[in-house]
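Student: I should like to learn how to read the features of a protein model. Could you take me through them one by one?

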Amino acid sequence: MNMNNNILIIGAGLCGSLLALRMAQRGFEVTLVEKRPDLRKVNQDAGRSINLALSDRGLRGLRLAGVEEQAKKLCIPMNGRMIHDAKGNTFLSPYSGRKDEYINSISRPGLNMLLLDEAEKMPNVQLIFNHACETLDLENASATFKNYSSKEEITISADAIFGTDGAGSAVRKTMYESHKFLFSFSQQWLSHGYKELEIPALPVNETNGENGNYRTYKNALHIWPRGEDMLIALPNLDGSFTVTLFLPYEDSDYCFANLTSPERVHEYFKKEFPDVVEMIPNLAEEFFGNPTGPLGTIKCSPWNAFGKTLLMGDAAHAIVPFYGQGMNASFEDVVVFDEILGPSLPPQREGVDWKTVFLEYEKRRKKDTDAIADLAVDNFHEMKEHTAMEIFQKKRKLETAFEAEFPEQYYSKYALVTFKESISYSEALKRGRAQDKAILNLLDDGKITEEMLLREKLELVKKETEAILHDDAVAFG
């Protein structure tokens with residue numbers, strides 16, 4: 001009897017690998033196809049997002065598949081943002097006033113390899129690398145792939161196809177080009193691009209006190225906010241930091257269009273990030289050796305075609321990286337999808353009504369991925385402009401105090417998004433924006449004073465937040 005349990009997953013990145021592992025644990029027959037070579041057997045391309053910020057929503061997905069503890073061994077805790085001002089001063093802005101809340105720097109390839117290893121152990125998983133999706137039959141759930149090496153083609157049929165093939169998704173492109181249903185698609189680019197660099201570990205015979213072979217403080221996400229420009233750095237297990245420069249493409253004193261010589265690059269870094277110049281010995285070589293990447297948001301609908309094919313992860317909702325939630329949102333996709341499938345393990349004897357499951361998944365998930373996409377763009381401006389502003393620093397100091405003193409009564413917008421996976425992204429956006437507006441208004445109007453007790457300040461913020469939420473509900477329904 002065909003129990004409707006053969007699934008094809010196109011794209012073996014983070015989302016596809018976790019989905020394959022979880023669906024195999026449920027008893028489905030899984031074929032996972034990736035266009036690139038097996039990353040466990042080849043060297044990684046330089047300058048392509050070496051590490052990521054793993055937080056509670058992502059950990060929940062890894063927990064679901066039984067690999068959370070293994071993943072944690074790859075993590076470096078980051079307790080807050082280390083802000084580097086233009087004069088070389090630094091201060092740590094904690095992510096939370098609660099002691100057990102922090103985010104983790106983790107290697108993208110390291111985590112991907114872990115998930116592939118675990119998926120490969122399952123007897124009902126077949127992994128196929130080096131095969132690009134050439135054509136897709138959406139109505140009949142079959143796809144044709146070409147082997148990059150031999151140029152031979154294979155066609156794979158399934159009961160359901162999952163497109164987890166990233167922001168440049170071939171599955172989504174096929175849906176977009178179909179004339180048999182209406183497909184909406186938007187792609188919005190920031191005027192900024194990004195360039196990755198590296199702060200190398202100290203030589204083996206040198207040490208930086210309690211930070212060991214790290215050249216600067218290990219347990220933080222470092223930010224150099226400069227208004228239009230920004231540099232960030234995340235720690236790696238080997239003592240290095242992955243550094244990312246965010247810079248306009250053009251129309252700026254310093255931009256990718258005019259940073260065209262080693263002299264110009266050094267001039268720019270010495271002016272804006274003098275402390276970084278000392279930490280990156282091969283600055284110009286890395287700058288010109290690594291690619292410049294674009295930053296964009298992709299939204300589309302519907303996510304499913306004919307109840308046979310479903311988009312998940314970046315293929316459905318690519319976002320800019322400024323909330324550190326791209327991977328976490330993709331892993332939460334797997335959690336939500338798993339909840340909709342229900343508790344039955346292995347699959348139901350009568351098979352799965354994929355169309356109903358796909359429609360329910362999109363209905364529940366779409367508003368939340370739209371919300372985190374908007375929050376990520378908000379945070380771009382906050383990180384490069386506001387983190388260095390005095391009123392923003394006062395707001396963060398107040399919120400950290402609230403969280404430390406009243407841990408169950410107050411969560412900042414950042415904490416709602418990053419640490420409170422029990423509420424949705426859309427709810428976090430609504431409440432978080434209202435709280436931000438409330439505190440900034442109260443500080444700006446001088447209504448929060450030093451003489452007030454912390455509890456009085458909290459009650460004032462709560463009251464103002466509820467008033468803003470009420471006004472928003474009246475205005476927007």
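Tutor: The dialogue below treats the core, the helices, the strands and the aromatic rings in turn. This is a predicted model, in which local features need pLDDT of at least 70 and side-chain atom pairs count only at pLDDT 80 or more, while totals for chains, interfaces and linings use all residues. Residues are numbered from 1 along each chain as its sequence is written, and side-chain values use heavy atoms, with hydrogens and water left out.

Student: Which residues have the most contacts inside the largest nonpolar core?

Tutor: A nonpolar core is a set of buried Ala, Val, Leu, Ile, Met, Phe, Trp, Tyr and Cys residues joined through side-chain atoms within 4.5 Å. Buried means under 20% relative accessible area, exposed over 50%, and partly exposed in between (1.4 Å probe, protein chains only). Here the largest core holds 71 residues, and Leu 62, Leu 111, Phe 162, Phe 337 and Trp 354 have the most contacts inside it. Helix H1 (residues 14-25) gives the most to this core, namely eight residues. A second, separate core of 36 residues includes Ile 103, Ile 372, Leu 375 and Phe 380.

Student: What is Phe 337 in contact with, apart from its neighbours within four places in sequence?

Tutor: Contact means heavy atoms within 4.5 Å. By that rule, and leaving aside those neighbours, Phe 337 touches Met 23, Phe 162, Leu 310, Met 312, Trp 354, Val 357, Phe 358 and Tyr 361.

Student: How should I read a helix such as H4, and which of its residues are buried?

Tutor: Helices (H or I, at least four residues) and strands (E, at least two) are DSSP runs, numbered from the N terminus. The expected span of a helix is 1.5 Å times one less than its number of residues. Helix H4 (residues 108-120) has 13 residues and reaches 18 Å from its first C-alpha to its last, close to the 18 Å expected. An α-helix has 3.6 residues a turn, so residues three or four places apart point the same way. In H4 the buried residues are Pro 109, Leu 111, Asn 112, Leu 114, Leu 115, Leu 116, Glu 118 and Ala 119. At the N-terminal end, Ser 107 caps H4, with a side-chain oxygen 2.8 Å from the backbone nitrogen of Gly 110.

Student: In what sense do strands E9 and E10 pair?

Tutor: Two strands pair if DSSP finds at least two bridges between them. Strand E9 (residues 131-137) pairs with E10 in the antiparallel sense over six bridges, and Ala 132 stands opposite Lys 146 in E10. Strand E10 (residues 142-147) has five of its six residues buried. Five bridges join E10 to strand E11 (residues 153-157), again antiparallel, with Thr 144 opposite Thr 155 in E11.

Student: Which residues take a positive phi in the two hairpins?

Tutor: In the hairpin of E9 and E10, with four residues between the strands, Ala 141 takes a positive phi near 50°. In that of E10 and E11, with five residues between the strands, Lys 151 does so near 70°.

Student: How many aromatic pairs are there?

Tutor: Rings of Phe, Tyr and Trp (its six-membered ring) pair if their centres lie within 6.5 Å; planes under 30 degrees apart count as stacked, over 60 as edge-to-face and the rest as tilted. The count comes to 26 aromatic pairs. One of them, Phe 28 with Trp 354, is tilted, at 5.6 Å centre to centre and 45° between the planes. These two residues lie 326 residues apart, Phe 28 in the loop between H1 and strand E2 (29-33) and Trp 354 in helix H11 (residues 354-384). Phe 28 is buried, with a relative accessible area of 2%, and Trp 354 is buried at 4%.

How values were computed: A polar contact is a pair of N or O atoms within 3.5 Å; within protein, one must be able to donate a hydrogen and the other to accept it, and residues adjacent in sequence count only if both atoms are side-chain atoms.
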